[in-house]
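Me: I would like to go through a protein model by asking short questions about it. Please keep the answers plain.

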Amino acid sequence: MAGRYAPKTVLAHLIQRRNQTYSEIVAEFVELGGTITERHLRRLASGERAGTTPQTRRTLQRMFGKPVEELLAPYVPEQAAQVVPAPAASGRITTGNEMEVLDMAASRARAFALAAQSGLGSEAMEQVYDDVRHAAQAYPQRPLPEILGQLVETQDLVFGLLESRQRPENHRQLYFLAGVTGGLLAKASHDLGNPHAALTQARTAFMCADNADHHGLRAWVRGLQSLVSYWAGNPHDSVRYAQLGAGYAEQANSTTSVWLPVSEARAWAALGNPEATRAALERAEEAWNSVHNDDLDDMGGLCTFGRNRQLYYAADALAQLPGEVEQAQRYSSQAVDAYTDQNHPEWAFGDAAGSHAAMAITRISSGELDGAADALAPVLTLPTERRINGVVHSARRVHQALRQSGRADDARELQEEIETFTRTPIQTYPR
C-alpha cells in the first residue's frame, strides 16, 4: 500500500486514497494502453517532474478523471477531491485489437522484469537494448508523434538505471544506450524545430559516449550536431562539428566515417564553396573502402548511415551550387529512385522528401517548372505529422529557388501550394 505520508501533489493524494501500491498503479496504467515506469510515476507524484508525454497525459486523466495540470498541482487538504475510479478493463479481446492487447502485455512484462531486479541481469539488459534498438529502427519510418512518448520513457528508464545501484560491468553498456537515446531525442527536438533542446540533448549524449568510451558513438553525436546546425542556418558550426567528429570516425571505421564528410559537404555548399563541397563528397565515397559496422551500426535505423542517405546528402549539397546542376540532377534522380521502395530497410520518409525537393530545385535550375512541380508533389501530400523541420525547410528552399529563377509568375500556383504546406509543420499538429 502506498505509504501514509503527506502528499505533495493531488496525484499523490489520489494514489494514497486508492489504497494501491505504485506498482499496482503502473499495472493499471499499462492495462489502459499507456506506458510508464514506477520511477517516473513516483517523480510525478512527488512533484519532482512535470514533463509528460501526450500518451501519459491521456492515460492519467482517464485513470483519475482530472486534467494532468490539476493532478500535478500542489495538494492542499482543503481542496481534496473525490477519487474518480478508473474505468474497469473489460479484458475482452475483439477482432482488430489483438496487437494492442499484446503490446500492453509486453509493456507490463517489461516493466516487471526491470523493476524486479536490483542489478540488471543478462535478460534485463537485453530488454533495454531491444527497447533502444526498436526506437532507432522505427524513428526514420514512423511519424514522430507515434514514437516520441516511448522514446522519452526509454531515456527516463536508462537514466534511472544509471542513477540506481548497478553492477560495474553494466555501466558502460548503459552509458552507450543513454548516448543513443539522447541522440535520438536530439533528432526529435530538431525535427520539432527546437535546435536549442536538440544541442542540449546532444551534449549529454556526447558525455555518455565519453563515459562509454565509444568512438563510433562520439562520431555519431558529432554528426547529429552537424545536422542540427545545418538546418538551423549555421553552416560554419555544421562544418566544425563534422570536422570534430572526423578523428573518432577514423578510429571507429563505422558508417560515421561516411556520414561526417558528406554532412560537411552540405554545409560547405550552403556557404557557397564548391571546391570544399566536392572534396568532402570525395572523402565520403573513399571512406566506404574501410567501413565495417560497429555495434552502433548494428542498431540500424537512424544509428547507421547507408548508401541511400549518401545519395540524398550529395543531391542536397550539389543542388545548392549553380555550377553543379548536372551532377545534382544525377544524384537527386538516384536518390529519388533509392527511396521508392518503402519496404527497404533504409527507407526514411524525411530523406525521401528531401531527395524530391533536391530534384525539384535542379529542375527549376534547368527551367523545367512542370517537372519541378511533379518532383515536389509527393512532398506536398505528406500528412502534418510527417512535416518535420527538415522537410519543411526543404520545401521552403524550393520556394526560394522559384523566386530566384526569374519565373516566379509562371510558378505562382506551386509557390502557393508550398506556402500552404509549410504553414502547418509538425509542431502545430494536435495530439
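The turns below go from the whole chain to single side chains.

Me: What kind of model is this, and what pLDDT do side-chain atom pairs need to count?

Reply: This is a predicted model, in which local features need pLDDT of at least 70, totals for chains, interfaces and linings use all residues, and side-chain atom pairs count only at pLDDT 80 or more. Residues are numbered from 1 along each chain as its sequence is written, and side-chain values use heavy atoms, with hydrogens and water left out. The pLDDT asked for is 80 or more.

Me: How many helices and how many strands does the protein chain have?

Reply: Helices (H or I, at least four residues) and strands (E, at least two) are DSSP runs, numbered from the N terminus. By that count the protein chain has zero strands, and its helices number 20.

Me: What percentage of the residues of the protein chain count as buried?

Reply: Buried means under 20% relative accessible area, exposed means over 50%, and partly exposed is in between, with a 1.4 Å probe and protein chains only. The protein chain has 431 residues, and the buried part of them is 53%.

Me: Is Asp351 buried or exposed, and which residues does it touch?

Reply: Asp351 is found in helix 17, which covers residues 349–365. Its relative accessibility is 15%, so Asp351 counts as buried. A contact means heavy atoms within 4.5 Å. Leaving out residues up to four places away in sequence, Asp351 touches Arg309, Tyr312 and Tyr339.

Me: How are the rings of Trp259 and Phe305 arranged as an aromatic pair?

Reply: Rings of Phe, Tyr and Trp (its six-membered ring) pair if their centres lie within 6.5 Å; planes under 30 degrees apart count as stacked, over 60 as edge-to-face and the rest as tilted. This rule gives six aromatic pairs. For Trp259 and Phe305 the centres are 6.2 Å apart and the planes meet at 20°, so by the cut-offs the pair is stacked.

Me: Why does the pair of Trp259 and Phe305 tie together parts that are apart in sequence?

Reply: Trp259 lies in helix 13 (residues 256–270), whereas Phe305 lies in the loop between helix 14 (274–287) and helix 15 (307–318). Both Trp259 and Phe305 are buried. Because of those two locations, the pair joins parts whose separation in sequence is 46 residues.

Me: Which residues do ring pairs link into a cluster with Trp259?

Reply: Tyr312 and Tyr313 form an edge-to-face pair, with 5.5 Å centre to centre and 85° between the planes. Tyr312 and Tyr313 are both buried. Ring pairs link Trp259 into a cluster with Phe305, Tyr312 and Tyr313.

Me: With which residue does Arg266 form a salt bridge?

Reply: A salt bridge is a side-chain nitrogen of Lys or Arg within 4 Å of a carboxyl oxygen of Asp or Glu, and the whole structure has 16 of them. Arg266 is buried at 2% relative accessibility. The closest N and O atoms of its salt bridge are 3.2 Å apart, and the partner is Asp316.

Me: How many residues apart in sequence are the parts that Arg266 and Asp316 tie together?

Reply: Asp316 counts as buried, at 6% relative accessibility. Arg266 lies in helix 13 and Asp316 in helix 15, so the parts they tie together are apart in sequence by 50 residues.

Me: In which helix do Arg133 and Asp130 both lie?

Reply: The side chains of Arg133 and Asp130 meet in a salt bridge of 3.5 Å, N to O. Arg133 is partly exposed at 29% relative accessibility, and Asp130 is partly exposed at 39%. They are three residues apart, about one turn, and both lie in helix 7.
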